[in-house]
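Reader: I would like a close look at a single part of this model, with the cut-offs spelled out as you go. Please begin with how far the coordinates can be trusted.

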Amino acid sequence: MARLVIKSGSRAARTIELAPGVIRLGRNPTNDFCLDDATVSSRHCEIIVRDGTVRIRDLGSTNGTFIDAQPIKDAVLLPGQTLRLGSLEIGFEDLPAHIAIPTLAPQQLNPFLADGAAACYNHSGSQATMECAQCCKTFCEVCVHQVRRVGGVALKLCPVCGGHCRPIGQPKGEKKRKSRFGSWIGKVTAKMTGRLTRTNVS
């Protein structure tokens, strides 16, 4: 990011971050950045940051605005150059932006074993047999949390997000549909058997 570094005066080592737009410098407190130096005018200069370019414009200062000891009225400031307002020296830096790209740890991926089978999210050397229906991570039987309900089937829960786990390859909700269908067939069969039995007795 572009910035000015004050090299002399009472504010030496202070920095001015150059955000896009207009920044006014001078001794008057109403400026965007106040420079309390007797050689700096009340409203000394303005800096225009636009489209990656930094331009300096003198505002009729008494002691002048200089870039690398050359007086200017309106000029582009380049990285490494020194800006001087009166006797105050200011360096210009344009630091490259650092973009942090997060890296995924090995356990955050769902790798595969040599035979092509899915590996466990927590144990990369073990074959996964269960898959979370919510986060889609795969696990071996050891990793899956089992919760037994009173009078009900055991729930198999994901150790990462708490979602329901199902055997790998089983479509979501398939077990429930088979269970309902089987229950319906059982009821129909029971009714038909009852009717046949009553008919035979009569």
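Which of the elements of the chain has the lowest mean pLDDT, and which the highest? Please then go on to the open sheet of five strands and its order.

Author: This is a predicted model, in which local features need pLDDT of at least 70 and side-chain atom pairs count only at pLDDT 80 or more, while totals for chains, interfaces and linings use all residues. Residues are numbered from 1 along each chain as its sequence is written, and side-chain values use heavy atoms, with hydrogens and water left out.

As to your question, helix α1 (residues 174-201) has the lowest mean pLDDT, 56, and strand β7 (residues 65-67) the highest, 94, where pLDDT is the predictor's confidence in each residue, from 0 to 100, and helices (H or I, at least four residues) and strands (E, at least two) are DSSP runs numbered from the N terminus. Over residues 174-178 pLDDT stays under 50, and the model has two contacts beyond four places in sequence for them, a contact being heavy atoms within 4.5 Å. Where pLDDT is low, the predicted coordinates should not be read in detail. For the chain as a whole the mean pLDDT is 80, with 72% of the residues reaching 70 or more.

The chain has one helix and 16 strands, and the sheet you ask about is open, with mixed pairing and the order β4-β3-β5-β6-β9. Its edge strands, β4 (33-34) and β9 (74-77), each pair on one side only, two strands being paired if DSSP finds at least two bridges between them. Strands of a sheet pair through backbone hydrogen bonds, either parallel or antiparallel. Within this sheet, strand β5 (residues 45-50) and strand β6 (residues 53-58) run antiparallel and are joined by six bridges, and isoleucine 48 stands opposite arginine 55 in β6.

Beside the sheet, lysine 73 belongs to the loop between β8 (70-72) and β9. Lysine 73 is exposed, with a relative accessible area of 62%; on this scale buried is under 20%, exposed over 50% and partly exposed in between, using a 1.4 Å probe and protein chains only. Apart from its neighbours within four places in sequence, lysine 73 is in contact with Ile56, Arg57 and Asp58. The C-alpha atoms of lysine 73 and arginine 57 are separated by 5.6 Å, although these residues lie 16 residues apart along the chain.
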